[in-house]
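Work through these exercises with the model open beside you. Try each task before reading its solution.

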Amino acid sequence: MPGADLDAVVRDYRAAFLRSLPRHNEAALTLGYDLGRRAVADGISILDLVEVHHVVLAEVLEERRDTGPTAVTQAASAFLLEVLSTFDMAHRALRAVPEERTGP
């Protein structure tokens with residue numbers, strides 16, 4: 001489980017993921033994208049976010065035994081991709097910046 005400083009992230013991630021589950025549309029996935037943007041702005045690492053994702057996914061799978069695990073895990077995958085898209089964009093932007101050359 002993430003440390004106490006990530007409790008708010010877990011709470012927000014869980015709420016956004018649960019709201020996105022029944023909808024499976026772009027508006028629902030925007031919740032994940034917004035979470036990712038906030039995480040980048042707040043300096044939360046990608047590793048912490050993935051850990052939060054797995055904690056929330058495990059809780060949801062346990063609570064929703066009546067829902068097929070395949071549907072939940074597919075929705076979780078799409079949601080996680082949206083959450084991580086801001087990290088991907090930042091990574092690509094950094095790679096696109098030419099390396100600064102130093103003179104002799």
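**Exercise 1. Which residues of H2 are buried?**

Some ground rules come with the solution. This is a predicted model, in which local features need pLDDT of at least 70, side-chain atom pairs count only at pLDDT 80 or more, and totals for chains, interfaces and linings use all residues. Residues are numbered from 1 along each chain as its sequence is written, and side-chain values use heavy atoms, with hydrogens and water left out.

Step 1. Fix the terms. Buried means under 20% relative accessible area, exposed means over 50%, and partly exposed lies in between (1.4 Å probe, protein chains only). Helices (H or I, at least four residues) and strands (E, at least two) are DSSP runs, numbered from the N terminus.

Step 2. Read off the residues. Ala28, Leu29, Leu31, Gly32, Leu35, Gly36 and Ala39 are the buried residues of H2.

Step 3. Look down the helix axis. The buried residues of H2 fall within an arc of 135°, so they line one face of the helix. The arc is taken from the directions from the helix axis to the C-beta atoms. An α-helix has 3.6 residues a turn, so residues three or four places apart point the same way.

Step 4. Check the other side. There, Glu26, Ala27 and Ala41 of H2 are exposed.

Step 5. Find the partners. The buried residues of H2 pack against H1, H3 and H4. Contact here means heavy atoms within 4.5 Å.

**Exercise 2. Describe the overall make-up of the protein.**

Step 1. Count the elements. The protein has four helices and zero strands. Along the sequence the pattern reads α-α-α-α.

Step 2. Gauge burial. Of the 104 residues, 34% count as buried.

Step 3. Consider the surface. About 6,900 Å² is exposed, and carbon and sulfur atoms supply 55% of it. These areas come from the Shrake-Rupley method with a 1.4 Å probe, and for residues only the protein chains shown count as cover.

Step 4. Consider contacts along the chain. Take those between residues at least 6 apart in sequence: 79% of them join residues at least 24 apart.

**Exercise 3. Compare the spans of H2 and H3 with expectation.**

Step 1. State the rule. The expected span of a helix is 1.5 Å times one less than its number of residues.

Step 2. Apply it to H2. This helix has 17 residues and reaches 24 Å from its first C-alpha to its last, close to the 24 Å expected.

Step 3. Apply it to H3. Its 18 residues should span 26 Å, and its end C-alpha atoms are 26 Å apart, which agrees.

Step 4. See what follows H2. Gly43 comes after it, with a positive phi near 75°.

**Exercise 4. Which residues have the most contacts inside the largest nonpolar core?**

Step 1. Define the core. A nonpolar core is a set of buried Ala, Val, Leu, Ile, Met, Phe, Trp, Tyr and Cys residues joined through side-chain atoms within 4.5 Å.

Step 2. Name the residues. The largest core has 24 residues, and Tyr13, Phe17, Leu49, Val56 and Phe79 have the most contacts inside it.

Step 3. Assign the elements. Two or more residues come from each of helix H1 (7-20), helix H2 (26-42), helix H3 (46-63) and helix H4 (69-96). H4 gives the most, with eight residues.

Step 4. Follow Phe17. Beyond four places in sequence, Phe17 touches Val56, Val60, Val72, Ala75, Ala76 and Phe79.

Step 5. Place this in context. In soluble globular proteins, nonpolar side chains tend to be buried together.

**Exercise 5. Trace the surroundings of Ser20, Leu31 and Val72.**

Step 1. Start with Ser20, in helix H1. At 5% relative accessibility, Ser20 counts as buried. Its side chain reaches the backbone oxygen of Phe17 at 2.8 Å. Outside four places in sequence, Ser20 contacts Ala28, Leu31 and Phe79.

Step 2. Move to Leu31, in helix H2. Past four places in sequence, Leu31 touches Ala16, Arg19, Ser20 and Phe79. The C-alpha atoms of Leu31 and Val83 are separated by 8.3 Å, with their positions 52 residues apart along the chain.

Step 3. Finish with Val72, in helix H4. Val72 is buried, with a relative accessible area of 2%. Not counting residues up to four places away, Val72 touches Phe17, Leu57, Val60, Leu61 and Thr67.

Technical notes:
A polar contact is a pair of N or O atoms within 3.5 Å; within protein, one must be able to donate a hydrogen and the other to accept it, and residues adjacent in sequence count only if both atoms are side-chain atoms.
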